[in-house]
Amino acid sequence: MGEAEWLWAVATCVKVLLIPAYRSTDFEVHRHWLALTSVLPLARWYSDASAPCCPLDYPPLFAYFQRILALPATALGGRPSALLRVSTSSPSSASLPVLIYLRLSVAITDLVFLLAAARLAHRRLPPARRRLVLILLLWSPALLIVDHIHFQYNGYLLGILLLSLSFLEEGKDLAGGLAFAVLICSKHLFLVAAPLYFVYLLRHYCRGGSWEASKRFLTMGAAVGAVFAAAFGPFLYYGQVSFDSLSSYFYVMFGWNVKK
């Protein structure tokens, strides 16, 4: 087992000890999203109003991610699984199997963060500095509190961001842009970094003569467009994201209404 794996294993042991710790209402929100994506057809994921307190307000790739996380749970308890049955009571009243399953789902998906951090840290860093970077990333108190006490999946999302940055650092701009497109189709709050990515890729990737620059620009646009098409295409097909419903969609995503 390598250095990064040992650091991750120690962090995971701490996370396991925190399973019975406090969790916020986000625990029930994510539990509901697992149930929603597991029980309802895709055409109703963003229009379901069975739990007004916790509508699905993340972009489609995160919804697909929740659906994947629900697969083992539904296998354990049938369809709909008792493990995913949404509670209207306090999150503290969740049964032990539900608690263990959701806590472990966060810890396991942190593997994305581990792989991305190791990839980034092993690039041109001496051993001592590499170890320090891995410790700061994998043992981050902020991430531990937000993800494994409060309850979120930010480690998985930050892992995609670090993966994108590692590609850029290696000069693999197309892969870096593609990974960032996956990220913003998973959590829209990362859109704040989109202008930086656009300027960097425009100057660093779309360079050369007019023909070469145009070809690279179109290649990057096609790759990013393919990610967005895969994410939003099914919802466009089912009419959940259309010109008529776009304002309500953005209202759910960002918490504001774009209607005049």
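Are H4 and H6 roughly parallel or roughly antiparallel to each other? I took this up first in the model, which is predicted.

**Entry: helix pair.** I looked up H4, residues 96–121, and H6, residues 141–151. Their axes lie 9 Å apart and make an angle of about 150 degrees. Angles over 145 degrees count as roughly antiparallel, so H4 and H6 are roughly antiparallel to each other.

I then listed the contact residues. H4 brings Leu-102, Arg-103, Val-106, Ala-107, Asp-110 and Phe-113. H6 brings Leu-143, Asp-147, His-148, Ile-149 and Phe-151. By class, I noted seven nonpolar residues, one polar and three charged in the contact of H4 with H6.

**Entry: aromatic pairs.** Phe-151 of H6 led me on to the rings. The structure holds 15 aromatic pairs. I looked up the one between Phe-151 and Tyr-153. Their ring centres are 5.6 Å apart, with 85 degrees between the planes, and the pair is edge-to-face.

Are these two rings' residues buried or exposed? Phe-151 has 0% relative accessibility, so Phe-151 counts as buried. Tyr-153, at 2%, therefore counts as buried too.

**Entry: cluster.** I traced one aromatic cluster that takes in Phe-151 and Tyr-153. The other members are Phe-27, Trp-33, Tyr-58, Phe-62, Phe-65 and Tyr-156.

**Entry: arginines over rings.** Which residue lies over the face of Phe-27? I found Arg-23 there, at 5.4 Å from the ring centre. I also looked up Tyr-205: Arg-216 lies over its face, at 4.9 Å from the ring centre.

Key. Residues are numbered from 1 along each chain as its sequence is written. This is a predicted model: local features need pLDDT of at least 70, side-chain atom pairs count only at pLDDT 80 or more; totals for chains, interfaces and linings use all residues. Side-chain values use heavy atoms; hydrogens and water are left out. Axes are lines fitted to C-alpha atoms, for helices over the stretch in contact, and angles run from 0 to 180 degrees between N-to-C directions. Helices (H or I, at least four residues) and strands (E, at least two) are DSSP runs, numbered from the N terminus. Angles under 35 degrees count as roughly parallel, over 145 as roughly antiparallel, 65 to 115 as roughly perpendicular and the rest as oblique. Contact means heavy atoms within 4.5 Å. Ala, Val, Leu, Ile, Met, Phe, Trp, Tyr, Cys and Pro count as nonpolar, Asp, Glu, Lys and Arg as charged, and the others, Gly among them, as polar. Rings of Phe, Tyr and Trp (its six-membered ring) pair if their centres lie within 6.5 Å; planes under 30 degrees apart count as stacked, over 60 as edge-to-face and the rest as tilted. Buried means under 20% relative accessible area, exposed over 50%, partly exposed in between (1.4 Å probe, protein chains only). A charge sits over a ring if NZ of Lys or CZ of Arg is within 6 Å of the ring centre and within 35 degrees of the ring normal.
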